[in-house]
Number of protein chains: 2
Amino acid sequence: MPRPIPLFPGSIRRRVFKLHLHPANHRHSFLHSVVEYPLTYPIYTIWASNTSVGKTLVSAGLSISFLSAKSSPVSQKKFVYLKPIQTGFPDDSDSRFVYRKFSEFFAHKPLPFSVFASNYVLNASIPASDAVLGNGVVGGRIGNETLGAGLDKERNFGWKNLRWYEERKLLGSDSSESELPVSEVVCTTMHAWREAVSPHLAAEKEGAIVGDSELLHLLKSCLWMNKERTCNSAEEPEMMCVIETAGGVASPGPSGSFQCDIYRPFRLPAILVGDGRLGGISATISAYESLKLRGYDVTAVIFEDHGLVNEVPLLSYFRNRVPVLVLPSVPKDMSDDLMTWFDESQPIFLSLKEIMISDFVQRTKRLREMPKKACDVFWWPFTQHKSIPKEDVTVIDSRCGESFAIHKVQDFDWISQQFDACASWWTQGPDPHLQLELARDMGYTAARYGHVLFPENVYEPALKLAELLLESVGKGWASRVYFSDNGSTAVEIALKMAFRRFLTDNNLLSCHERANVDGRCMDLKVLALRGSYHGDTLGAMEAQAPSHYTGFLQQPWYGGRGVFLDPPTVSMYSGTWKLCLPEKMQILNVDQEFLSFSSREEIFKINRDGSSLAGLYSSFISEELLVLLDSNGLSQVGALIIEPVVQGAGGMQMIDPLYQRILVRECKDRKIPVIFDEVFTGFWRLGRESAAEMLCCQPDISCFAKLMTGGIIPLAVTLGSDAVFEAFTGDSKLLALLHGHSYSGHAMGCMAAVKSLKWFKYYNANMKIICESRFLQELWDTELVLQISLHPVVHRVVALGTLCAIELLAEGCNAGYASTYASSLLKRLREDGIYMRPLGNVIYLMCGPCTSPLICLHILKKVYARIHEFGQQKSTSAASELGIC
Amino acid sequence: MPRPIPLFPGSIRRRVFKLHLHPANHRHSFLHSVVEYPLTYPIYTIWASNTSVGKTLVSAGLSISFLSAKSSPVSQKKFVYLKPIQTGFPDDSDSRFVYRKFSEFFAHKPLPFSVFASNYVLNASIPASDAVLGNGVVGGRIGNETLGAGLDKERNFGWKNLRWYEERKLLGSDSSESELPVSEVVCTTMHAWREAVSPHLAAEKEGAIVGDSELLHLLKSCLWMNKERTCNSAEEPEMMCVIETAGGVASPGPSGSFQCDIYRPFRLPAILVGDGRLGGISATISAYESLKLRGYDVTAVIFEDHGLVNEVPLLSYFRNRVPVLVLPSVPKDMSDDLMTWFDESQPIFLSLKEIMISDFVQRTKRLREMPKKACDVFWWPFTQHKSIPKEDVTVIDSRCGESFAIHKVQDFDWISQQFDACASWWTQGPDPHLQLELARDMGYTAARYGHVLFPENVYEPALKLAELLLESVGKGWASRVYFSDNGSTAVEIALKMAFRRFLTDNNLLSCHERANVDGRCMDLKVLALRGSYHGDTLGAMEAQAPSHYTGFLQQPWYGGRGVFLDPPTVSMYSGTWKLCLPEKMQILNVDQEFLSFSSREEIFKINRDGSSLAGLYSSFISEELLVLLDSNGLSQVGALIIEPVVQGAGGMQMIDPLYQRILVRECKDRKIPVIFDEVFTGFWRLGRESAAEMLCCQPDISCFAKLMTGGIIPLAVTLGSDAVFEAFTGDSKLLALLHGHSYSGHAMGCMAAVKSLKWFKYYNANMKIICESRFLQELWDTELVLQISLHPVVHRVVALGTLCAIELLAEGCNAGYASTYASSLLKRLREDGIYMRPLGNVIYLMCGPCTSPLICLHILKKVYARIHEFGQQKSTSAASELGIC
């Protein structure tokens, strides 16, 4: 007989009852809840390929095998079983089943040591709760009076914090057991509904709803309750947890979302309970594929034998990827207590447990060794390897929408979460929904097309993308789509297009041929703005002004074949949008009224074209061009290339759109083809589908990449007008544009782009696109942005679309690309779960077109707080320096 | 009562009995069978998300709705039902069920016109056949005596060509019906087994096996029987076909392969019969995802209502992608004849039929308009658009392993197949198995990672790939992996690496700084071989000798910053491998013995290093370098770049490996870093994992791309030695290599590469890799290659690894890159189902490392035949020209 035990044993008592549901109308309160879990013990999710294939038998079998495995006599083992969703309660209670079967098994076959077994039910719908209280379910109890007194208050939102539990102590066979620490099996039902139907129906019917994030939040709390038990990865862990899902992998949870989607943010390793019946091969394979399509790792497949040797085709499919285990047939007699079956199945469950533990140990080991290995074999771009100790390497386990799941080690290992605020170098668009949609499309496209040849051929994804582009960002001017792989190649192609068009349009091709005979060569220049960046291949480099990227150290061939103009910029300085003229222009007689703006919208107003500033810009540009064209008879400006509105890599500088518009006009007047490099600015990055739209003018050629595929795989396009295209037609193949890459217009990239562009623009749920799909709603809280710009350590701010750039006030070596001025700030922000990268003393936040403004607010608040802290440190250190002086 | 009808009605009679199984030991005879199907009428595959969810009810319902839909009174409709795999026969016979339900339905509710309904069983296992013959199944008959006499002969390989059929004529209600053409419902079981178990078990047990390709071949024949009925896409088609699968989507077929894999080469549009029961949501979603992961298009989901409103979550999942239809509950009473149910279900089936027809009509319409649209919006690389009429555009519907499925229109529309012999521009590796494996991995990786930031981070796919590369192609020399997007960017990075290493190693960095003060610039050159190709971005272009690709027309900035040597080449000329020395070398005193080789192996023998030819090469190279280095004090050769063994785009020229080895040695002696551009040659392209292995020497830097991802998405790497890496370390970030692309080391590319590289090298089934994973087996039939080289129209042949290049004898404008000399030949080959692209007068066949030599033989034979025909045409036209002269 169990001796008297405290009402709530050990650590459980103190914690379990803190966990209860937040009211349903706070459903979004966990929106920013960080999904984290400890890696100190193995946690697995048990999935099933069908209903009624025996998930709970597997859980119970595991509890038995885990506790009965040989281990050091002093170890205090703990097996945690979690059932987040239970319908048909209390008649059906999987946690109770596990609790009971475990207890029965060891009542017959005592372990050497004693075990506390317990079963808790945390939250129940009113009907489920009434059924428990009314019918007096045998063996269970409700928490003490004090706790119980709060019941009525908690009968809100369809839920009752039930506090129902049952427990027993199983005495050990070893007489010296009283000396031994007590092991535990803790079974918990997190949410229970009365009706034996799908959870989404039960939740609706019983008025007891739980949102996906609430569910995850409670699950997270349950997982963290036990983190103090650390695991020495070389040994058998003392603890193990299984989370049992309800129904099949894609059965709806209480919110109606599929369970495989709900649990995705944790991405816990999976055990798939297969189906040994007729049709079970198909069900098992398909369930496995649904898990893979959501990024889960399946550690093992286990199923009950029905005499159909389903394991043969399954083993052939899984090859060495996933072990397949077969359980003996379960007695059909419902009165059988299954003790014999559990006994017979023990070798299989022991194998399964071994596989699970060894997988866990390997995973943790690998995660720990990855930083060193990375430092040994990678050559990261833009990275001074000498300055990266392995402790600073971030191990990314996965991404879910806008966030990374990262591995952290401090006192113990865990998986944490960081918001990808560098938007993985400006490519990212997907939220968690779009990511899974894209995953399915990627699988489909790889299976349907793989990659097929593009020239002279047509296939749906490439055609659809070309059509989409010409209807959207190319509308009104572009007629052709040229595919390549990245922004840099798209720019190289754009330059080739522009030069040919220029030479044809100005009848210079034949001139060149004559010139060539004389041994002289025409010096074609590209007109560009200082501070712009167009990529790292030589042709793209040549179109940008000398900088760190282009120095002799980087590419001795760089000559700077451009004519580079200094542009006027616009930023928010101390709460006001101001125009900042380059040095050369400062001698101009610019009216004060033009030097600041009442709002950001004012900057983009087309009526500025009629201002005297427009005239000043125009004559200034004309003069500069005149000087250039006169200086050398051989020099010609064959193309203009600009990043419209915002220069990205050059430090997130917003260029006065009026200036760019005038510049484009001046070039068009001179038959100089205009290239817009929208690699960074395209597809809602700045709040409009293209930055050209914001400039209110059209280029002859335009480059897009990055966000185009939703941020999933490389693809770039160069759009050209009909006039540009015509410069390449003729009788000879040698007139054609002879530039290509192997994966030109590759199907997967095109498919990802088609899906993403439509999703960004039209997807019903993307309420962030407003005004007939023309504007992205404001993502960065206006007031907070203003506050940040007012902070003394902040020089300027540009918040526009998905971008919020903050230049920290810095001088000397603290300013510029190579500066590490912001590193302490960014380090603190990573602790806050925000992953940012600096451009020297410019830091920026970037999200996707689908990101919720609530998330942006949350992130921006943290940034503001850390900037403030940073400022205080700076003033302290400045004061102490002053003291030294 | 049906009036007397011929034993086998209409066209069926003449054809059906031609179709019978080929013996199982000819299982590979259909390896090259072209998978084609007509697009003159809708053909759908009916899949189920589970067993017993009512596929056959859906088929029967469709037969009724198709026949009963209003249409022109003169139309002669035909509904074809095919059941390729039937177990439990004759007790279970789905084709019989459809036949009977259709007949019963219209016996009660006659149509205006008469209908012949029939049910055929083509092939039965001996036990299934015995059961039919022994038990005398009611209503069926066996073909006439003459046909029946052959029975015993056909009791081979476990099969019997059963020739069992039943039929009836259903008289029309319209008295004038005798004037009308007779409509038909033809039901056919293709293969039947006795046992009611999974087909793979039945096939094994009953000794009646049918290979996947045999199954497809028979299915194809059944589909083509009816192609004479053409469809005017504007109208309701007169014919429709459904193919009903067995069990769930991934249930094994008779060979043990999953049915969703077996039918993949056809990739017919799918109707998914969902599951309305508890757990059915999950089963339906997972089955759908398994179909998508194999590239199928699902046109509609239909399922039986079980009162669980499963359609709500399903509709939410499918959104507007796929219509979801709900059928009334099927009476549980087994004695119910279902006539009332069919009656009630008719509106649903009519909707389903409408959806299927409209989808078919749209698909065909889109396929037809794609060439024109492509000509309107695409800008293909390397393509003179003026020379491509829309008739020449290939519409690629999908790819399956090494072949494209293409849309063809002549008298009618159909989907045909072409072997991708340009291996989609040298990227392709996957066979159909690897393609589906990659599809799953792409879905998984997109779901797990999407894309995550690379610099300073680590994630499994990138790390695993880097480790794999350093253990394989980088083994023994490389220590670092730099990621980029394509061969061209990989080369730009390689050049930057080499230059820095050169400058550091030769203490020239500080020299340069001084020089720069004087306003002078060091002129760093790259040493390269004439005819090589390294990509189309400016930096890569600069490293190649002037050619069509690099002219002023293409990129006015090209200067040719290389020093270009003419290399000696090797090819098979008229049956013998011969060395061809460049003009400059022809003055050298080269022994005749060195000018030809007894075998291809001899060319690669390392003992050639000791020959006098090696000495000649060495001194020749030394002299050339001396001249170059002396000519200008500012010029320095800062890097060597070569395509080892074979120059690809330059015309598939094999360079004497001895020469390249000596060249590498000479450069290493002079501290000139050596770059191998293995973008084309890497990963088994030439029969070894790297071409460096064939050269028996190691570079300092190496570039890989193309085949690396298995030919699915862009990814490139530049490998560098430790010495190269060290040239970039230091205290300042500005010393780091500041070159990067947004998708650096993107997870999907890395994952595809990890899977592909392992698959190519180790996958058990890839028996094409031999000798401890070091050599690819010979793919091109040696004798046939020799024959081709002997043909008078052939100048030379290079067959090596996956490449078989054939240079046609041509002169003047018929030779070279812009030549269209080979176009008539290639046009004929496309008719033969071989898709090739020329490099001027050089044509080539390319396959993947997993391609079977049998397929290669088959293709090469066709090429030989067409070359012969081409030769005859040329001699005829030459003769006629002679006549004119």
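Which strand of chain B pairs with strand 9 (residues 270-273) of chain B, and in which sense, parallel or antiparallel? The partner is strand 2 of chain B, and four bridges join the two in the parallel sense. Strands here are DSSP runs of E of at least two residues, helices are runs of H or I of at least four, and both are numbered from the N terminus; two strands pair if DSSP finds at least two bridges between them. This is a predicted model, in which local features need pLDDT of at least 70, side-chain atom pairs count only at pLDDT 80 or more, and totals for chains, interfaces and linings use all residues. Residues are numbered from 1 along each chain as its sequence is written, while chains are lettered from A and ligands numbered from 1 in the order in which they are written.

First, confidence. The model scores ipTM 0.94 and pTM 0.94. For chain A the mean pLDDT (the predictor's confidence in each residue, from 0 to 100) is 88, and 88% of the residues reach 70 or more. Two stretches of chain A do less well: pLDDT stays under 50 over residues 1-32, and it is also below 50 over residues 514-520. The model has 51 contacts beyond four places in sequence for residues 1-32, and four contacts beyond near neighbours in sequence for residues 514-520. A contact means that the C-beta atoms of two residues, placed from the backbone, lie within 7 Å. Where pLDDT is low, the predicted coordinates should not be read in detail.

Back to strand 2 of chain B. Strand 2 covers residues 43-48, and six of its six residues are buried, so the strand is largely enclosed by the rest of the structure. Buried means that 20 or more other C-beta atoms lie within 10 Å of the residue's own, with C-beta atoms placed from the backbone; 12 or fewer makes a residue exposed, and anything in between partly exposed. B:I43, B:T45 and B:W47 point one way, and B:Y44, B:I46 and B:A48 point the other. Strand 2 also runs parallel to strand 8 (residues 239-244) of chain B, with four bridges between them. B:I46 sits in both pairings, with B:E244 as its bridge partner in strand 8 and B:I271 in strand 9.

Over in chain A, seven strands make an open sheet of mixed pairing, in the order 16-27-26-25-22-17-18. Strand 16 (478-484) and strand 18 (562-565) are the edges, each pairing on one side only. From one strand to the next, the twist averages 25°, with axes taken as lines fitted to C-alpha atoms (for helices, over the stretch in contact) and angles running from 0 to 180 degrees between N-to-C directions. Helix 14 (residues 460-471) of chain A packs on this sheet, touching strand 16 and strand 27 (716-721), and its direction makes about 135° with that of strand 16.

At one edge, strand 16 of chain A pairs with strand 27 of chain A in the antiparallel sense over six bridges, and A:F483 has A:V717 as its bridge partner. Strand 16 is mostly covered, with six of its seven residues buried. At the other edge, strand 17 (residues 523-529) and strand 18 of chain A pair in the parallel sense over four bridges; here A:V526 is matched with A:G562.

As for the dimer, a rotation of 180° with 0.0 Å of shift along its axis superposes chain B on chain A, at an RMSD of 0.1 Å. The two copies are thus related as by a two-fold rotation axis. The superposition is by least squares on the C-alpha atoms of residues with pLDDT of at least 70 in both copies. The C-alpha of B:G443 comes closest to the axis among the residues of chain B, at 2.2 Å.

The contact between the chains takes 140 residues from chain B and 140 residues from chain A. Helix 13 (residues 432-448) of chain B gives the most to chain B's side, with eleven residues. Strands also pair across the chains: strand 12 (residues 394-400) of chain A and strand 15 (residues 457-458) of chain B run parallel over two bridges, with A:V395 and B:V458 as bridge partners.
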